[in-house]
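Thanks for asking me to look this one over. Here is the model, and my notes come after it.

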Amino acid sequence: MGRHETGDEPERNGLGGRESAGYSGAEHAAPEQDAAAGTTIAGVLRSPRFWLAPLLLVVVIMSFMAALYMGAVADPQRNLHDFPIALVNEDRGGDVDNPDGGTTKQNFGDQVAAGVISTAAKSGIAVEKVDRTTALNRLNSGKAYGAVVIGPNFTNRAVSLGRAAVLEAKPDPMAIDVFINRGSGTFASAVTTTFADRMSEQVNAQVGERLVATVRQSLVKADVPFSGAAQLALSNPVDVRIVEPTPLPDGSGNGLSAFYFTLLLILAGFTGAMMVSVVVDGILGQTPIEYGPFYQLRQRLAISRWGTLATKWTVMVLVAVIQSALFIAVCTAVGTSLPNAFALWLFSVLVITAVGVSASSMMAVFGNPGLILNLVFFVILGLPSSGGTVPLEASPRLFAWIAAVEPMHLVYLGTRAILYFDADLDAGLGRSIIQCAIGLLVGVLLGLGGTKLYDRKGWHRFPGGMTLSPRLRRLADGDGPASITTPSPAHVAAVSGPGSPRPPGASGPPAASETPDVTQAPADPGRMS
């Protein structure tokens, strides 16, 4: 009471004043804080500089993602281009009956193959004539999504059908086999099956029309009636059969397990790098550690940018080794088919390390924008161009160009080769290993070169580590006071070492506080400040 009468109001407005006066702080602090918070929020909303940037960032990135994802799967049939199908024509030809009673040497297989190739090209399917060995090798390495095989007796069986209609005998059927391999992708097999259905209609119309005309002329000349059953049989003489010579084992997800395992590897490297970065920066005192209401900033250690990045790389290598083994264990536990588990583990270690190191380097060199760059490069561009769900030949050509440099497509090729093609290097595994190694090297060079450059320039990771130009300062702070604080000279000297750039604004000889005490033990990363 006496304090109030003497006008000691400022003391009572402080925390110590409340405690000495016996206040709990709940009577006046909460309304004052809420009012201040409301004023701050209102000020932020009135200034587009605060909310316009995050708004634009979110809507642009999400719209870009929607355009890529929906554009990749909107109309696969219309986007078909260079869809590889191998065609084998083993037909030896035969003597085809003429209406005048003679015969002519013909090869129905050549005629059917020419028709199939020309018609398929109009719909974006590239049918190439090869021998049987080449066709099956391409099918079993994912280089062809299907193989059409016309047997050696195709023409002779057509002749037999015509004669059977006249003699009322039972002929051998004409057949064309279409081989598929679901290891190339579920959607790719579906496109091949649709192609086979259309080819069946085309071939039956082509061969059936000719057989019906030839037999009709022969029967008319012999004054023999042409029954409806015979005409129906001759109008659909070819049986196009779908054959799967090497079906996938149980636990392959109908050809999708390779795609989902690829996604696991990319996410382990990409999100793993982000999580490792957050934890390491918190332990080193670069950023606060916050769990629920707990908020603590550890004592900032005098460590260079390069030293911080090297620490993150080391942790990511350990993550790659352990997480790859855990992925194999989890897949085994849930029943996933893993025919080459050790090769898959080695490959997984390489992929997670390459992606994790590269993502860490991007964040070390570009800072916060590196998070967005990683998201765009590894995920937003990677998923629609992976070829794991919709083959690149059924997506707009843009995605084939992106896939040439995107890690997810390369990783998918390697994973698919290990899981479905017996770890064949020629099935994409060799290319995947080489390009993952190149990506790892590029990531190392980017991080090493960028952080070493920043350290040499004296641009350290603490507030005020570099001086902003007047234009950038106005962009960051507007018309208000500078929001970037300057670190202690002793910290700058500890990080930079002798002969390194002085802290911003320092002049004259170094003060005693600017020289690190080399006799003092370094701060313990595990101790809270």
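The points below take the sheet, then the annotated membrane spans, then two helix pairs.

1. A reminder before anything else: this is a predicted model. Please read each point below with that in mind.

2. Let's begin with the sheet. Its five strands run in the order β4-β1-β5-β6-β7, the sheet is open, and the pairing is mixed. At the edges sit β4 (125-129) and β7 (238-243), each of which pairs on one side only. From one strand to the next, the twist averages 20°.

3. The pairing of β4 is worth a look on your screen. Strand β1 (residues 83-89) joins β4 in the parallel sense, over five bridges. To find the register, take Leu87, whose bridge partner in β4 is Lys129.

4. Which strands does helix α7 touch? Helix α7 (residues 108-122) packs on the sheet and touches β1, β4, β5 (146-150) and β6 (174-180), with its direction at about 155° to that of β4. Helix α8 (residues 132-139) lies across β1, β4, β5 and β6 as well, and runs at about 155° to β5.

5. On to the annotation. The unreviewed UniProt entry places the feature "transmembrane region" at six spans: residues 50-70, 258-280, 313-335, 342-365, 371-392 and 432-451. In the model, residues 50-70 are 100% helix and 0% strand, and the end C-alpha atoms lie 31 Å apart. Residues 313-335 are 91% helix and 0% strand, with 33 Å between the end C-alpha atoms.

6. Helix α12 (residues 257-283) packs with helix α14 (residues 341-366) at an angle of about 40°, their axes 8 Å apart. The two are therefore oblique to each other, and their crossing is right-handed. Among the residues that meet are Phe261, Leu265, Gly269 and Ala273 in α12, and Phe347, Val351, Val355 and Gly356 in α14. Sorted by class, this contact of α12 with α14 has 14 nonpolar, five polar and no charged residues.

7. How do the axes of α17 and α18 cross? Helix α17 (residues 407-420) and helix α18 (residues 429-457) have axes that come within 8 Å and cross at roughly 140°, so α17 and α18 also count as oblique to each other. The crossing here is left-handed. From α17 the contact uses Leu410, Val411, Leu413, Gly414, Ala417 and Ile418, and from α18 it uses Leu429, Arg431, Ser432, Gln435 and Cys436. By class, the contact of α17 with α18 has seven nonpolar, three polar and one charged residues.

Technical notes
Residues numbered from 1 in each chain as written. Predicted model: local features only at pLDDT ≥ 70, side-chain atom pairs only at ≥ 80, totals over all residues. Heavy atoms only, no water. Pairing = 2+ DSSP bridges. Helix = DSSP H or I, 4+ residues; strand = E, 2+ residues; numbered from the N terminus. Axes fitted to C-alpha atoms, helices over the stretch in contact; angles between N-to-C directions. Contact = heavy atoms within 4.5 Å. UniProt positions renumbered as here; feature names shortened; annotations may be inferred. Parallel < 35°, antiparallel > 145°, perpendicular 65-115°, else oblique. Left-handed = near helix turned anticlockwise from the far one by under 90°. Nonpolar A, V, L, I, M, F, W, Y, C, P; charged D, E, K, R; others polar.
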